[in-house]
Amino acid sequence: MALSLYVDTARWRAHQKSVIDQFPGLVPVCKGNGYGFGHERLSEEAARFGADMLAVGTTYEAARIKDWFGGDLLVLTPFRRGEEPVPLPDRVVRSVSSVDGVHALVGARVVIECMSSMKRHGIAEQDLGHLHAAIEDVRLEGFALHLPLDRTDGSDAVEEVIGWMDRLRAARLPLHTMFVSHLRAQEQARLQQQFPQTRFRARIGTRLWLGDHDSTEYRGAVLDVTRVAKGDRFGYRQQKVASDGWLVVVAGGTSHGVGLEAPKALHGVMPRAKGVARAGLATVNRNLSPFVWAGKQRWFAEPPHMQVSILFVPADAQEPKVGDELVAHLRHTTTQFDRLVDR
């Protein structure tokens, strides 16, 4: 009995193809937990559709994924002097966000990240003049821009990229390849038309692997069902049951990521009001689980355990049976499944 990820494989792959067709030269991203699918599976998918490069998060991920993917591996975390050395093959390309980092990677294949409006990391405009000497000692694969998802100030993503292209050109730096993130297909097409001598390569993860929500579904198997009456005590803390119903033990606990929610940016009055309401209920030990039974998300009876969760299903609902599977609304990037089932 397991927490399972079911994949409508034909539909999932059809979505992958639609994204690849929109972004010529796409570099698929496989980082973190592999967007919920795992590194090995996404490496296989990238190889299947003919990707020549796969982007990973860290050198440690590259060390694992090199055994599953035979093409180039682009490490997205920038190199820093003093980092722990990880043995990697020559086909690994390092991101660099400082002139010092370029100087330290003599002989290496590098992509130089430029400081975007994200203001996370990157080469600053005033440092471009110092790159000429530095890039003589490395194999420059191109420059890169990691752009924000939202532009609340009304700015234009294409104009931001053009601005950097103009700066790089003015500094007489090579512009054969520009890696970009978070551009729309029509925006990349505009850039390719304006700079025909530069190859634009979109680094895409979420849109590629998770863009069709209906192609995947998590389900937790019911392991035990116990009838309870109002006032019965249960669980680690021996709380009292509020009404008649069933305690349902379902596969999926904290080790799977159940109950561990990443912070979200809330926009608008209604989402904020719902957030306040959830926080208020949590103070009285009322927490809604991600598991659905009989058309409703069910409440945790108590906080999830390591590998299972205990839910309360009221007596007016259908009784779950051992072996039933409950759909679970879980975030792919924070979830670890027990098994993946292709359908």
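Mentor: Before we start, one definition: buried means under 20% relative accessible area, exposed means over 50%, and partly exposed lies in between. The structure is a predicted model.

Trainee: How many helices and strands are there in the protein chain?
Mentor: The C-alpha trace spans about 75 × 45 × 40 Å along its principal axes. Within the protein chain, the count is 9 helices and 18 strands.

Trainee: What share of the residues of the protein chain count as buried?
Mentor: The cut-off is a relative accessible area under 20%. Applied to the 343 residues of the protein chain, it gives a buried share of 47%.

Trainee: Among contacts between residues at least 6 apart in sequence, what percentage join residues at least 24 apart?
Mentor: A contact needs heavy atoms within 4.5 Å. In the protein chain, among contacts between residues at least 6 apart in sequence, the part that joins residues at least 24 apart is 67%.

Trainee: In what order do the 8 strands of the open sheet stand?
Mentor: The pairing in this sheet is parallel. Strands β2 (27–28) and β3 (53–56) stand at the edges with a single partner strand each, so one side of each has no neighbour in the sheet. The order therefore runs from one of these edge strands to the other: β2-β9-β8-β7-β6-β5-β4-β3.

Trainee: Which residue in β8 stands opposite H146?
Mentor: Strand β7 is joined to strand β8 (residues 177–181) by 4 bridges, and the two run parallel. Opposite H146, the residue in β8 is S181.

Trainee: What angle does the direction of helix α6 make with that of β7?
Mentor: Helix α6 (residues 157–170) packs on the sheet. The strands touched by helix α6 are β6 (109–114), β7, β8 and β9 (199–204). With the direction of β7, the direction of helix α6 makes an angle of about 145°.

Trainee: What is the phi of A294 in the turn between β14 and β15?
Mentor: Strands β14 (residues 288–293) and β15 (residues 296–300) pair in the antiparallel sense over 3 bridges, and V292 has Q297 in β15 as its bridge partner. The two strands form a hairpin with 2 residues between them. In that turn, A294 has a positive phi of about 55°.

Trainee: Which residue in β16 is the bridge partner of W299?
Mentor: Strand β15 is also joined to strand β16 (residues 308–314), by 2 bridges, and these strands run antiparallel. The bridge partner of W299 in β16 is F312.

Trainee: How many residues apart are R41 and D342?
Mentor: Their side chains meet in a salt bridge with an N to O distance of 2.9 Å. R41 lies in helix α2 (residues 39–48) and D342 in strand β18 (residues 339–342), so the pair links distant parts of the chain. In sequence, the separation of R41 and D342 is 301 residues.

Trainee: Is R41 buried or exposed?
Mentor: Among the residues R41 touches are T9, W12 and L340. The relative accessible area of R41 is 12%. Because the cut-off is under 20%, R41 counts as buried.

Trainee: Which residues are linked with R41 in a network of salt bridges?
Mentor: The whole structure holds 24 salt bridges. D342, one partner of R41, is partly exposed at 42% relative accessibility. In the network, R41 is linked with R13, E45, R48 and D342.

Trainee: Which residue forms a salt bridge with D90?
Mentor: D90 sits in the loop between β4 (72–75) and β5 (92–96), and its partner in strand β7 (residues 139–146) is 49 residues apart from it. At 37% relative accessibility, that partner is partly exposed, because the value falls between 20% and 50%. The closest N and O atoms are 2.6 Å apart, and the residue paired with D90 is R139.

Trainee: How far apart are the closest N and O atoms of E319 and K321?
Mentor: E319 is partly exposed, with a relative accessible area of 32%, and K321 is partly exposed as well, at 46%. A salt bridge requires a distance within 4 Å. E319 and K321 form one, with their closest N and O atoms apart by 3.5 Å.

Trainee: How many disulfides does the count come to?
Mentor: C30 is buried at 0% relative accessibility, and C114 is buried at 1%. A disulfide needs two cysteine sulfur atoms within 2.5 Å. By this rule the number of disulfides is 0.

Trainee: Which residues does UniProt list for "domain: Alanine racemase N-terminal"?
Mentor: The name comes from an unreviewed UniProt entry. Over the listed stretch the chain is 26% helix and 21% strand, with end C-alpha atoms 31 Å apart. The record gives residues 15–153.

Note on methods: Residues numbered from 1 in each chain as written. Predicted model: local features only at pLDDT ≥ 70, side-chain atom pairs only at ≥ 80, totals over all residues. Heavy atoms only, no water. Buried < 20%, exposed > 50% of the residue type's maximum accessible area, 1.4 Å probe, protein only. Pairing = 2+ DSSP bridges. UniProt positions renumbered as here; feature names shortened; annotations may be inferred. Axes fitted to C-alpha atoms, helices over the stretch in contact; angles between N-to-C directions. Lists of a residue's contacts leave out its neighbours within four places in sequence.
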